[in-house]
Amino acid sequence: MSDLIPVKFCNGCGYPIILMLLNKILKEMDLTSQTVLGLDIGCSLLAVNFLPVNTFQTHHGRVTPTMMGFKRARPNSICIGCTGDGGAYAIGLQGLAHAIKRDEPITVIVVNNTVYGMTGGQVTPTSLHQQKTETSPEGNIDHPLLGPEFFKPIAHKDAFLARTAANDPKQIQEFLTKAIETQQAGHFSLVEILSFCPTHWKTKGVETINYLNNLKETFKPGTL
Amino acid sequence: MVDANKKFITGADMAVKAAIDAGAQMMYGYPITPATEIFTGWIKNKQNFLQTEDEISAGFAVCGGVLAGQKAFSASSGPGHVLMQDGFIMAEGMRLPFVLFAAQRGGPSSGTVIYSQQEVMLACYGGNGEGMRLVYSPSGPEELYALTRRAFNEAWKYRFPAIVLTDGYTLKEKSIVDFSLINDVENFPAYPLVAEGQNIHWPNIFTSEEELNHELNLAKADFDKITPLVATSEIIQTDDAEVILIAHGIVAVAAKEALAKLRLENQKVGLFRPITLRPFDKVTLDKTVGGKNVKQVIVIESSFGQLARLVKDSMDTTLGKPFNYIQYPALGIEIEEMVSEIKKIII
Amino acid sequence: MIYKVLLAGDGGQGVQTIADLICRAAFKKGLEVTEIPNYGLEQRGGASLSFVQISDTKIGYPKFSCADLMLIISNQGRERSLAQKGANTQIIDIKDFKDELEAKKISSQNINIFFLKVLASFFEENGIFNKVDLEQVFEEKFGKKENWLEIKDIFNK
């Protein structure tokens, strides 16, 4: 990773933390050169030249089937799809659900900030009830989708579904390691990571951390 | 008395055989009439496959496979073709050798499950791009085989996604094919576009207009460079022709027979048959339409003018020959009907 | 020589089977042949048509506007094939065989075999191929079936 690449994520975004921890895990497991990182077209696209890992963008909501295709073509690669809550649980829900149902041996990291960040902060399937966004100005009518819980009934018993948060680096590393090990064992893994988004939460400093910790009341960290 | 080289075979099975002979390794598919038999035929031949939950997933899985260096492909039709263009345009943007069989059926919407030539625009310019893809339109099962071989080779050689544009009649038709007349060609090998340890960083989205404009110009330069090598057509009896018929695919099969009948009646009719729709063989088109005896051009298709648009778009605008159209959207055109329609409008 | 045959019936009556056998007989004789089915949406019960062309030279376009011979084995088939009926089209229509079918006790699922035999005579009369050619491919296709003798019997009735 070069010091010369400008960090394009917003100040206070959770992505750099998550990506750097992923990089650390891959290095420790000596999997950097085998890994292929696919990105959604959302905030995750900014990771295209962030890690010393083969990385490519896919389409919004389509990282799961793309990585599935790559993995089936090159089974000894480590295929990781990185997407947001919208890409995973709205437009990408169908592809993700079926990959889980088929137990495709790929890893999907869902960076959950409860909004569509790149497009300005619109409502997503994980937005909280009554959360106000540009596209839910009167407050979100729905209740949030809890991804790992939602998929648990159709996942293989040896698949790994978990949730953690950007302010828990130890757990992130633990879960990402387990996720990759699960892939190596031939099963699907998904790690949802609650992530900071001061830009759209309109929070500053410690407010951002409080907002994140508050999300944990709804989105419970742990394994499924 | 049966020649061992001859087989009574469907168009779909010819497509499957061509994909196998081309070294295709993986098919992602979804059932949709009339493309389903390409999928089931591939599967019956014990080839690697996956039925996905929809054509969107199939399209992106092909992209994933191709990125890893696998000769992956798919087949669809109609509303499925619409969804398949989602993954196909990522292939267009990233120059991925995605090969797709598009079997035209009636449209729009669910239309019919049978036949049309209404997916020409979708194949040639589908999605939100500039049509930087290779599109082949075979006439008959032997050409379906040959153009499928070309599609795999040229997609991988020139790094443009490719569509073999066929239709429900061609795929379901059973005919006798003499395999001793089928040419085998060398296969261009697939290779990993993302190699292990390569540390590639590959976007399909750009920050500024200038960046994308630059990328598009590079792609266009490549597309123009390969045009003389790829653009293909067939001309029949055009030297002294006063009327040029233009048709593609299975309609051209009928047009050839209509032409023969008209010639017997001393009508000086010729045929220009585009074999590639993208890139279009403009050079031969202009030469043919510009012929000194040519008084009229008649474009014949099972669509409201999708082929005609390609022709007019490619053609030298100074040629100034009058155009007429025989347009039967979603309907086959029998030889006798074609002859009768041509006679009605011949100048 | 080119001979255009349109077979028309209901899905499930075995129209495609008849078409397939005719084509195989022609193929075996070294003739050129094309066959293209035309059916609606229903998996069961809709109309089922087959356009067959037999020639001594390679055939181009698989469909045709006017049949030389039509076999009609259902009302739906009759309706759907009207367009291909010409002034000189020879027609074998099930409605003209009602009595014979009853007398020979041909069940609805064996109608196609009965008409295969009728067609066999027709093709021989018109010099396309001999009854024997059709019998041979018929046996190749059905010979290994459990009820082969029963089927053969119907064909020979």
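# A walk through chains A, B and C

Start by selecting strand 4 and strand 8 (residues 189–194) of chain A: they run parallel and are joined by six bridges. Strands here are DSSP runs of E with at least two residues, helices are runs of H or I with at least four residues, and both are numbered from the N terminus. Two strands count as paired if DSSP finds at least two bridges between them. Before you zoom in, note that this is a predicted model, in which local features need pLDDT of at least 70 and side-chain atom pairs count only at pLDDT 80 or more, while totals for chains, interfaces and linings use all residues. Residues are numbered from 1 along each chain as its sequence is written, with chains lettered from A and ligands numbered from 1 in the order in which they are written.

**Stop 1: strand 4 of chain A**

Click on I109(A) and look across to strand 8 of chain A, where its bridge partner is V191(A). Now add strand 3 (residues 78–84) of chain A, which pairs with strand 4 of chain A in the parallel sense over five bridges. There, I80(A) stands opposite T107(A) of strand 4.

Is strand 4 of chain A enclosed or not? Six of the six residues of this strand (107–112) are buried, so it is largely enclosed by the rest of the structure. Buried means that 20 or more other C-beta atoms, placed from the backbone, lie within 10 Å of the residue's own; exposed means 12 or fewer, and partly exposed is in between. Colour the two faces separately: T107(A), I109(A) and V111(A) lie on one side, V108(A), V110(A) and N112(A) on the other, and all are buried.

**Stop 2: all of chain A**

Zoom out to chain A, with its eight helices and nine strands. Of its 224 residues, 54% count as buried. Its C-alpha atoms fill a box of roughly 50 × 45 × 30 Å along the principal axes. Select residues 41–192 of chain A next: an unreviewed UniProt entry annotates them as "domain: Thiamine pyrophosphate enzyme TPP-binding". UniProt positions follow the numbering used here, feature names are shortened, and annotations may be inferred rather than shown by experiment. That span is 30% helix and 20% strand, and its end C-alpha atoms lie 17 Å apart.

**Stop 3: where chain C touches chain B**

Show chains B and C together; 20 residues from chain C and 19 residues from chain B make the contact. Residues are in contact if their C-beta atoms, placed from the backbone, lie within 7 Å. On the chain C side, helix 1 (15–28) and strand 2 (32–39) are the elements that give two or more residues. Strand 2 of chain C gives the most, with six residues.

Keep that strand selected and add strand 8 (residues 174–178) of chain B: the two pair in the antiparallel sense over two bridges. K174(B) stands opposite E35(C) here.

**Stop 4: a sheet in chain B**

Finish in chain B, where five strands form an open sheet of mixed pairing in the order 10-12-11-14-15. Strand 10 (233–236) and strand 15 (323–327) of chain B are the edges, each pairing on one side only. Further in, strand 11 (residues 243–246) and strand 12 (residues 269–274) of chain B pair in the parallel sense over four bridges. To find that pair, pick I246(B), which stands opposite F272(B) in strand 12 of chain B.

Conventions: Contact = placed C-beta atoms within 7 Å.
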